[in-house]
Amino acid sequence: MRNTGSNAHQRADFDQFGGIYRFSALDGLRAASVIAIIWHHTSGTPGPAISARGYFAVDLFFAISGFLITTLLIREYTANERISLRKFYIRRTLRIFPLYYLTAAVLAS
């Protein structure tokens, strides 16, 4: 016996989640993890507990990034009933490489 009320509630939750395009709390956590990683590699002095354990911050950063990327793929599948990995990687490349090349240029000069 199926409980359609529960399924309808789950679908409403999924649709509400799908309508969120910015997870500001996750932006803050990602920023904190990046700061902890940079501190860990550059400071030479102990700081707050999280900054002394930069490797935990790397795990946190990748877990959050995985969640966000999975969310993008679910949205694409929901909209198109398929996922184009080619288009996905093109979008990721266009997002990441400009900052990468800028950083490389600044460090090279």
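This passage describes the confidence, the charged contact and the aromatic contacts of a predicted model.

Confidence was considered before individual contacts. The protein chain has an average pLDDT of 81, and 83% of the residues reach a score of at least 70. Among the elements of the chain, the highest mean pLDDT, 92, belongs to helix α5, whereas the lowest, 58, belongs to helix α3, which spans residues 49-52.

Charged contacts were examined next. Side chains of opposite charge can pair when their charged atoms come close. A search of the whole structure returned one salt bridge. This salt bridge is formed by R91 and E76, with 2.9 Å between the closest N and O atoms. The two partners are 15 residues apart and connect distant parts of the chain, R91 being located in helix α5 (residues 85-108) and E76 in helix α4 (residues 54-80). The partners were also compared with respect to accessibility. R91 has a relative accessible area of 40% and is therefore classed as partly exposed. E76, in contrast, is classed as buried because its relative accessibility is 11%, under the 20% cut-off.

A further arginine, R75, is also placed in helix α4. R75 counts as buried, since its relative accessibility is 18%. Although R75 and G19 are 56 residues apart along the chain, their C-alpha atoms are separated by 9.4 Å.

Aromatic contacts were then surveyed. A pair of aromatic rings is described by the distance of the centres and the angle of the planes. The count of aromatic pairs comes to six. One of these is the edge-to-face pair of F88 and Y89, in which the ring centres are 5.3 Å apart and the planes make an angle of 70°. The members of this pair fall into opposite accessibility classes: F88 is buried at 7% relative accessibility, while Y89 is exposed at 52%. The pair formed by F97 and Y100 is tilted, with 6.1 Å from centre to centre and 40° between the planes. Its angle is classed as tilted because it is neither under 30 degrees nor over 60.

Both F97 and Y100 belong to helix α5, where they lie three residues apart, or about one turn of the helix. F97 is partly exposed, its relative accessible area being 39%. Ring pairs also bring in Y101, so that F97, Y100 and Y101 are linked into a cluster. Helix α5 thus holds R91 of the salt bridge as well as F97 and Y100 of the tilted pair.

Notes. Residues numbered from 1 in each chain as written. Predicted model: local features only at pLDDT ≥ 70, side-chain atom pairs only at ≥ 80, totals over all residues. Heavy atoms only, no water. Salt bridge = Lys/Arg side-chain N within 4 Å of Asp/Glu carboxyl O. Helix = DSSP H or I, 4+ residues; strand = E, 2+ residues; numbered from the N terminus. Buried < 20%, exposed > 50% of the residue type's maximum accessible area, 1.4 Å probe, protein only. pLDDT = per-residue confidence, 0-100. Phe/Tyr/Trp six-rings, centres within 6.5 Å; stacked < 30°, edge-to-face > 60°.
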